[in-house]
Amino acid sequence: MNLDALLPRLTELPPWLTYVVLGVGAAVENVFPPIPADTVVLFGAFLAGLGQADPWLVLASTWAANVIGAVAVYFVARRYGEAAFASGPGRWLLHPGQLERIARFYARWGASALFLSRFFPGVRALVPVFAGVSRMRPVAVAVPLATASFIWYGALVWVGAVSGRNWEELKAFMERAGGPLGWAGAVILVLLVVWWVRTRRAR
């Protein structure tokens, strides 16, 4: 996402359309992780810092859209995930024994995993999928997911709205703050791959 090219266009949009675009950008991460919701949120906060958006509306639009997107992914996985992994390519990705292990993990740690995952890019898009496949209760999914997202996005909006008059400085801040989280997310993904290989062999 080239935000430097997007900036002039967003500043020319009507306010209501700006919030719609920010919300869509925040939601897309749930189905296409390479588009970072964090950057979208911080960009909206930057507009708030310029006085071209309301920080509370930036937070509300991005937070609600991202949470709704994640919960929608959960419901799709809950409805179709088990059948998808039962045959075809899905069976190659996760066999029944692995699905049982995931279900046991979510039965014990699901809420904590959902809460913590919202702070790690890349990982956050996967966790609602397996929560759905594991058939966690909707409330048990939505509450920790929404709470963690509100905390994280609220912090980003506050930083951007308070000091967000220089986009280059905000990008540098995001790189500093997001770097360790990105590396932590990468480590988690590597551990998931190791788990997949080991449990696959144990079939």
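**Close-up 1. W152 and its ring partner F119.** At 14% relative accessibility, W152 counts as buried, since the cut-off for that label is under 20%. Keep in mind that this is a predicted model. F119 falls in the buried class too, with a relative accessible area of 18%. The ring centres of F119 and W152 sit 6.0 Å apart with the planes at 70°, so this pair is edge-to-face. F119 comes from the loop between α6 and α7, while W152 belongs to helix α8 (residues 138-163), so the pair ties together parts that are 33 residues apart in sequence. F115 joins in as well: ring pairs link F115, F119 and W152 into a cluster.

**Close-up 2. F105 and Y106, a pair of neighbouring rings.** There are six aromatic pairs in the structure. One of them is made by F105 and Y106, which meet edge-to-face at 5.6 Å centre to centre, with 85° between the planes. What sets the two partners apart is how much of each is covered. F105 is partly exposed, at a relative accessible area of 40%. Y106, on the other hand, is buried, at just 8%.

**Close-up 3. Helix α6 and its bend at W109.** Helix α6 takes in residues 96-117. If a helix of 22 residues ran straight, it would span 32 Å at 1.5 Å a residue, but α6 spans only 24 Å between its end C-alpha atoms. Where does α6 bend? Look at W109, where the bend is about 85°. Which residues of α6 are buried? They are Q98, L99, I102, Y106, G110, A113, L114 and S117. A general point helps in reading that list: an α-helix has 3.6 residues a turn, so residues three or four places apart point the same way.

**Close-up 4. V133 and its surroundings.** V133 lies in helix α7, which covers residues 127-133. Is V133 buried or exposed? V133 is buried, with a relative accessible area of 13%; the cut-off is under 20%, so V133 makes the grade. Setting aside neighbours within four places in sequence, V133 is in contact with A77, R78, G81, F85 and L99. L99 shows up in the previous close-up too, as one of the buried residues of α6. For a sense of how the chain folds back here, take Y80: V133 and Y80 are 53 residues apart in sequence, yet 8.0 Å apart in space, C-alpha to C-alpha.

Notes. Residues are numbered from 1 along each chain as its sequence is written. This is a predicted model: local features need pLDDT of at least 70, side-chain atom pairs count only at pLDDT 80 or more; totals for chains, interfaces and linings use all residues. Side-chain values use heavy atoms; hydrogens and water are left out. Helices (H or I, at least four residues) and strands (E, at least two) are DSSP runs, numbered from the N terminus. The expected span of a helix is 1.5 Å times one less than its number of residues. The bend at a residue is the angle between axes fitted to the seven residues ending there and the seven starting there. Buried means under 20% relative accessible area, exposed over 50%, partly exposed in between (1.4 Å probe, protein chains only). Contact means heavy atoms within 4.5 Å. Rings of Phe, Tyr and Trp (its six-membered ring) pair if their centres lie within 6.5 Å; planes under 30 degrees apart count as stacked, over 60 as edge-to-face and the rest as tilted.
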